[in-house]
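Please go through the points below with the model open beside you. They are in no strict order of weight.

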Amino acid sequence: MADEAHAQPATSADPIDEIDRLRRDFEAEAEKLGDPAGLEELRARYLGRKRGRLTAVFDGLRQLPTDRRGAVGKAANLARRAIEARLEELETALATASTAAETRRLDVTLPGRRPETGSLHPITLTLQEIEGVFTRMGYKIVEGPEVEHDFYNFEALNIPRDHPARDIQDTLYLGGDWLLRTHTSPVQIRTMQAQQPPLAIIVPGRVYRRDTPDATHTPSFVQCEGLIVDRDITMADLKGTLDHFAKALLGAQTRTRLRPGYFPFTEPSAELDANAGSGWIEMLGCGMVHPAVFEAVGYDPQVWQGFAFGMGIDRIAALRYGIDDIRILYENDARFLQQFAA
Ligand code: 2NL
């Protein structure tokens, strides 16, 4: 019996040899294993019910001579326990490895990616300052339409059709008597029509003019006008109010001066210059409301007086921030605008 066994070649069908071989093969494959799917496939090829190599050994036990069954069965059981233990070990190792990879992808110690935040436009910032100064003096903020009727934009403001001021305030006509407003004055006309004096309002908004763009002109800009109407408003009120405004905006050391000017809707009219320390700069246009404007809205000019003013916010912003060409305010270059982030 023993001689017979020795006579068999190395690749004999002796189940003990097959168990040794499959254990070595299994270990070699286990060594190269990379992922959990491969692990299940490996388990199936050695322990699987249908095609498992070790399962085949167990199935063959019945064909063996009775005296061999004990030894082969014992070796097979040892092999099964060893393979199961190794598979379990591999499973844990693979799970740990994938958790480690996951952790590397989500490195909580890295600095966070900051979301890009926008910032308020210098024109908006300047307008907010201006609104603050006037609302603290009791003025209300009013807004109105950018598409206007000729009556509100021109006629009611003492600018008849043949008036030369129509040339410098040429705009985009939309057909009929409709146009893009050249100033926010029409909102003041509408407000005066809608309510009785006294009133004090400031009116910010986008306006349009037929201008060739240069360092101080753009065909569209943000304007802010103001109007106060009461029983005994004088030029001294205008002077005191606008001087306070310039000081509040540019600093307490700021001085102001009035120069004669001309607007069809104010009489007298003036330009206000400010000097905050580096020379005189034109800030805004202003004047006492023309009696013809009061008549157009049904106010009695013998009873009511008022002053009005208007400024381009882009020019005020340029003044505040030291910008020498207002066109850059409308280019929306983020590198320029980010400099005004709070
Ligand atoms: C400027 C000058 C000005 C006014 C606007 C006004 C409005 C009414 C009556 C009288 Cl309803 N006046 N507004 C007065 C003087 C000047 O604007 O340089 N704007 C950019």
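Helices and strands here are DSSP runs, numbered from the N terminus; a helix has at least four residues and a strand at least two. The model is a predicted one.

1. Start with strand 2, which covers residues 147–149 and contains Val-147. Val-147 counts as partly exposed because its relative accessibility is 40%, and the partly exposed class lies between 20% and 50%. Together with Leu-172, Leu-174 and Trp-178, Val-147 makes a nonpolar surface patch of about 380 Å².

2. Is Asn-153 buried or exposed? This residue is found in helix 7, residues 150–153. Its relative accessibility is 0%, so Asn-153 counts as buried. Leaving aside residues up to four places away in sequence, Asn-153 touches Glu-148, Ile-159, Leu-179, Arg-181, Thr-182, His-183 and Pro-186.

3. A second asparagine to look at is Asn-275, in strand 8 (residues 266–275). Asn-275 has a relative accessible area of 9% and is therefore buried, the limit being under 20%. A polar atom of the Asn-275 side chain lies 2.9 Å from the backbone nitrogen of Gly-277. For the backbone nitrogen of Ser-278, the distance to a polar atom of that side chain is 3.5 Å. Beyond four places in sequence, Asn-275 touches Gln-253, Thr-254, Arg-255 and Trp-280.

4. Which residues are closest to the ligand? Of the 16 residues that surround the ligand, the closest are Gln-223, Glu-225, Phe-265, Ala-308 and Gly-310. Helix 9 (185–194), strand 6, strand 9 and strand 10 each supply at least two residues of the shell.

5. Next come the polar atoms around the ligand. An N or O atom in the side chain of Gln-223 is 3.0 Å from a ligand nitrogen. Glu-225 places a polar side-chain atom 2.9 Å from a nitrogen atom of the ligand. With Gly-310, a polar backbone atom is 3.5 Å from an oxygen atom of the ligand. On its own the ligand has 490 Å² of accessible area, and the protein covers 92% of that.

6. Last is helix 12, residues 313–321, whose buried residues are Ile-313, Asp-314, Ile-316, Ala-317 and Ala-318. Their cover includes helix 6 (122–136), helix 10 (235–250), strand 6 (220–230), strand 9 (281–289) and strand 10 (305–312). Just after helix 12 comes Gly-322, with a positive phi of about 70°.

Methods: Residues numbered from 1 in each chain as written. Predicted model: local features only at pLDDT ≥ 70, side-chain atom pairs only at ≥ 80, totals over all residues. Heavy atoms only, no water. Buried < 20%, exposed > 50% of the residue type's maximum accessible area, 1.4 Å probe, protein only. Contact = heavy atoms within 4.5 Å. Patch = residues over 30% accessible without salt bridge, like charges linked within 9 Å, V, L, I, M, F, W, Y side chains within 5 Å. Areas by Shrake-Rupley, 256 points an atom, 1.4 Å probe, with all protein chains shown as cover. Salt bridge = Lys/Arg side-chain N within 4 Å of Asp/Glu carboxyl O. Near = heavy atom within 4 Å. Polar contact = N/O pair within 3.5 Å; in protein donor to acceptor, adjacent residues only side chain to side chain.
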